[in-house]
Amino acid sequence: MSEPEGSGRSSVEPDVQALYRQIELYASELHNLYHEQVATKSALEKKLSEMELLQQQLLAYAHDLATSHRRLQATYLATLHALANAVENRDEETAGHSQRVTRYSLALARALGVPETGIRQVEYGALLHDVGKIGIPDAILRKPGRLTHEEWVQMRRHPDIGHRMLQEIEFLQDALPIVRQHHERFDGKGYPQGLGGKEIALGARIFAVADALDAITSDRPYRQAAPFERAREEILRQRGRQFDPDVVEAFLGVFERLPAIAHGDGATG
Ligand SMILES: [Fe+2]
């Protein structure tokens, strides 16, 4: 029995051919897509390697910048030490005073929780506190006996002189209050402005305790150094008068470590 013409296979064949063409079309599109993706992938990989190169360069720049910054900080600090030493060399009573008083101030500032940026300014301010003495004549600065009233008036100008000397130096701006206010007293009886309580910058309130501590425990031409215990008694006696009670508390907290701090062994703790 033969199949009738135009029935069965002949009606299916055009669909198969259409499907075949469709599949070929898809295959060709897939092929194109594959090549596009390969091209995209290689373009992405190229971009990625360029970015990695840039990242490496950026890291190298950042490293160089950090190194330069550290060198600059070290140079600043060396300059400040030189300036502090220049002042001390004119005033024999205070050899090594700026370095010790800076170590005490740093220890007190850390005990009070001063943040690291503030710590640096405490360091700069303490080192330079007496830089204005450069403007005081030797006849007054090195006078062995008591100062006359007029001489004392001149001597008391050194905080303002120091402030004026440094006020144009940008990186010392936050250290200026210590220089200007280092002879202020918590009870308002200090100089040059007669500020009281929290009107006095924290750095200067810290410094006042550090300064008294070093004055009492260092040799002076007219008397020998007293023990730390003697300084403790005097500083406690002046709590709320000459000194901020909070700073005195911090002083008591670091008291046991003072001998090590004086020699630079424990100032950072
Ligand atoms: Fe001073």
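The following exchange asks how several descriptions of this predicted model are reached.

Me: What makes the protein chain more spread out than a compact globule?

Reply: The chain comes to 11 helices and 0 strands. Its radius of gyration is 38 Å, whereas the globule rule gives 18 Å for 269 residues, and because the value is well over that figure the chain is described as more spread out than a compact globule. Along its principal axes the C-alpha trace spans about 145 × 35 × 35 Å, and 27% of the 269 residues count as buried.

Me: How do you know that the length of α2 agrees with that of a helix?

Reply: Helix α2 covers residues 97–111, which is 15 residues, and at 1.5 Å a residue these should span 21 Å; the end C-alpha atoms are 21 Å apart, so the two values agree. Just after α2, Gly-113 takes a positive phi of about 75°.

Me: How do you know that α8 has the span expected of its 16 residues?

Reply: The expected span at 1.5 Å a residue is 22 Å, and the end C-alpha atoms of α8 are 23 Å apart, which is taken as agreement.

Me: Why is α2 called mostly covered?

Reply: A residue is buried if 20 or more other C-beta atoms lie within 10 Å of its own, and in α2 this holds for 11 of the 15 residues. Among them are Arg-100, Arg-103, Tyr-104 and Leu-108.

Me: Why is Ala-226 called partly exposed?

Reply: Ala-226 has 15 other C-beta atoms within 10 Å, and because a residue needs 20 or more to be buried and 12 or fewer to be exposed, a count in between is called partly exposed. Ala-226 is placed in the loop between α8 and α9, where, leaving aside neighbours within four places in sequence, Ala-226 is in contact with Ile-216, Thr-217 and Ala-231. The C-alpha atoms of Ala-226 and Leu-127, which are 99 residues apart along the chain, are separated by 23 Å.

Me: Why is α2 called roughly perpendicular to α10?

Reply: The axes of α2 and α10 come within 9 Å and cross at roughly 105°. Because angles from 65 to 115 degrees count as roughly perpendicular, α2 is described as roughly perpendicular to α10. On the α2 side the contact is made by Ala-107, Leu-108 and Ala-111, and on the α10 side by Val-247, Ala-250, Phe-251, Gly-253 and Val-254.

Me: What makes up the largest nonpolar core, and which helix gives the largest share of this core?

Reply: The core has 40 residues, and those with the most contacts inside it are Leu-108, Leu-128, Ile-178, Ile-206, Val-209, Ala-210 and Val-247. Several helices each supply at least two residues, including α1 (9–90), α3 (116–128) and α10 (245–254), while the largest share, 7 residues, comes from α8. The buried residues of α8, including Ile-206, Phe-207, Val-209 and Ala-210, pack against α2, α3, α7, α9 and α10.

Me: Which residues does Ile-178 touch, not counting those up to four places away in sequence?

Reply: Ile-178 touches Val-122, Gly-125, Ala-126, His-129, Ala-201, Gly-203, Ala-204 and Phe-207. For the chain as a whole, among contacts between residues at least 6 apart in sequence, 61% join residues at least 24 apart.

Methods
Residues numbered from 1 in each chain as written. Predicted model: local features only at pLDDT ≥ 70, side-chain atom pairs only at ≥ 80, totals over all residues. Helix = DSSP H or I, 4+ residues; strand = E, 2+ residues; numbered from the N terminus. Expected span 1.5 Å × (residues − 1). Core = buried A, V, L, I, M, F, W, Y, C linked by C-beta atoms within 7 Å. Contact = placed C-beta atoms within 7 Å. Rg over C-alpha atoms; globule rule 2.2 N^0.38 Å. Axes fitted to C-alpha atoms, helices over the stretch in contact; angles between N-to-C directions. Parallel < 35°, antiparallel > 145°, perpendicular 65-115°, else oblique.
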